[in-house]
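Welcome! Take a moment to look over the sequence and turn the model around on your screen.

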Amino acid sequence: MVFDTDERSVQDGSPIELFKFTGTYNTYRLTNRGRDVTNSDGTYDSSFAIKRSSLEEGTQEDDDIALDVELSLTHPMVTEYVLSGLPPPSLRMEVFRAHPSDLNDTFKLFEGEVVSWSIRRRIAKLRVPSVFSFLFDGPLPRPKYQAPCNHVLGDARCGVDLTDPTNFHATTIASVSGTTVGLDSNPFADGECDAGQMISGSERRMITGNTGTSFTIATPFSSAIMPTAAVTIQRGCDHALNGDCINRFNNAVNFGGFPLVPDRNPFSSRL
């Protein structure tokens, strides 16, 4: 293999690391090389510095293997996964090693799920346990026995199509003041976008309220969004069967909650 030859070579070996982040919203590719790297998988961006901790060796029986990765706070991925105000979406990291002689001949060094973020000054730090560590250490995902729906609006189990024109509206910004955003148009009724999203480029913010064309979002957009900037707003859901599930989306067949669960605890009071 060319990779193996270059890896052992004193003269020709020049290892490059490629970081691929595959998430709920977007896929990001970065490299620690001094210039961009392009192979059959895509272009790995070099304009944002990225570094990682040393890699520990282990097997599937080791449950404490993890990487710490540092990335500039200004990278769009940090905005999307840390500053958006939305529930933490899925983000998987793969680290590949390659050489300039054949950038398609790569070796996967590491794969894991990002489980936490921390911010210090202008640096974002990601904690990434290996795949086995993440699976063995984390609790098994399971639906809760509760009245509200367990699904995420628009996911595979929910089935609501958020790309349907009745569920979103593209417009432009008229004014911005902190977390209050005025829009040039809005076809939705007051409160219809509560818990929905406002999207500008790669940034997403949860909508906490809407009255007319005035919207309140959970946190301000990180970039300087000015009037006339294009945004998309999406309807929200209250996760109640007799609420938005039926009345707004007509989606009772996919409801993921247990609406007949008593709202009183039989161990502490009478039913």
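This report looks at a group of paired strands, then at some cysteines and a cavity, in what is a predicted model.

**The strands**

A good place to begin is strand E6, which covers residues 66–72. Is E6 mostly covered or mostly open? It is mostly covered, with 5 of its 7 residues buried.

E6 has strand partners that you can trace in the model. With strand E5 (residues 50–52), E6 pairs in the antiparallel sense over 3 bridges. One place to find this pairing is Ile50, whose bridge partner in E6 is Leu71. E6 is also joined to strand E10 (residues 123–129) by 7 bridges, and these two run antiparallel. Here you can look for Val69, which has Leu126 as its bridge partner in E10, and for Ala66, whose partner in E10 is Pro129.

E10 also pairs with strand E9 (residues 116–120): 5 bridges join them, and they run antiparallel. In this pairing Ile119 stands opposite Ala124 of E10. E9 and E10 form a hairpin, with 2 residues between the strands. In the turn sits Arg121, which has a positive phi of about 55°.

Here are the three pairings side by side.

| Strands | Sense | Bridges |
|---|---|---|
| E5 and E6 | antiparallel | 3 bridges |
| E6 and E10 | antiparallel | 7 bridges |
| E9 and E10 | antiparallel | 5 bridges |

**The cysteines**

Next, a little chemistry. A disulfide is a covalent bond between the sulfur atoms of two cysteines. How many disulfides does this model have? The count comes to 0 disulfides. Cys158 is in no disulfide, and the nearest cysteine sulfur, that of Cys149, is 6.4 Å away. The cut-off for a disulfide is a pair of cysteine sulfur atoms within 2.5 Å, so a separation of 6.4 Å does not qualify. Cys237 is likewise in no disulfide, as its nearest cysteine sulfur, that of Cys245, is 6.3 Å away.

Are these two residues buried or exposed? Cys158 is buried, with a relative accessible area of 8%. Cys237 also counts as buried, at 13% relative accessibility.

**The cavity**

These cysteines turn up again around an enclosed space. The model has 1 cavity of 30 Å³ or more, and the space in the largest cavity is about 100 Å³. Which residues lie nearest its centre? Of the 14 residues that line the largest cavity, they are Cys149, Cys158, Cys237, Cys245 and Asn251. By class, this lining has 10 nonpolar, 4 polar and no charged residues.

Terms used
Residues numbered from 1 in each chain as written. Predicted model: local features only at pLDDT ≥ 70, side-chain atom pairs only at ≥ 80, totals over all residues. Heavy atoms only, no water. Buried < 20%, exposed > 50% of the residue type's maximum accessible area, 1.4 Å probe, protein only. Helix = DSSP H or I, 4+ residues; strand = E, 2+ residues; numbered from the N terminus. Pairing = 2+ DSSP bridges. 1 Å grid on protein atoms, 1.4 Å probe; cavity = no way out; pocket = protein on both sides within 12 Å on 5 of 7 lines; lining within 4 Å. Points joined across faces, edges and corners; volume = space filled by probe spheres on them. Nonpolar A, V, L, I, M, F, W, Y, C, P; charged D, E, K, R; others polar.
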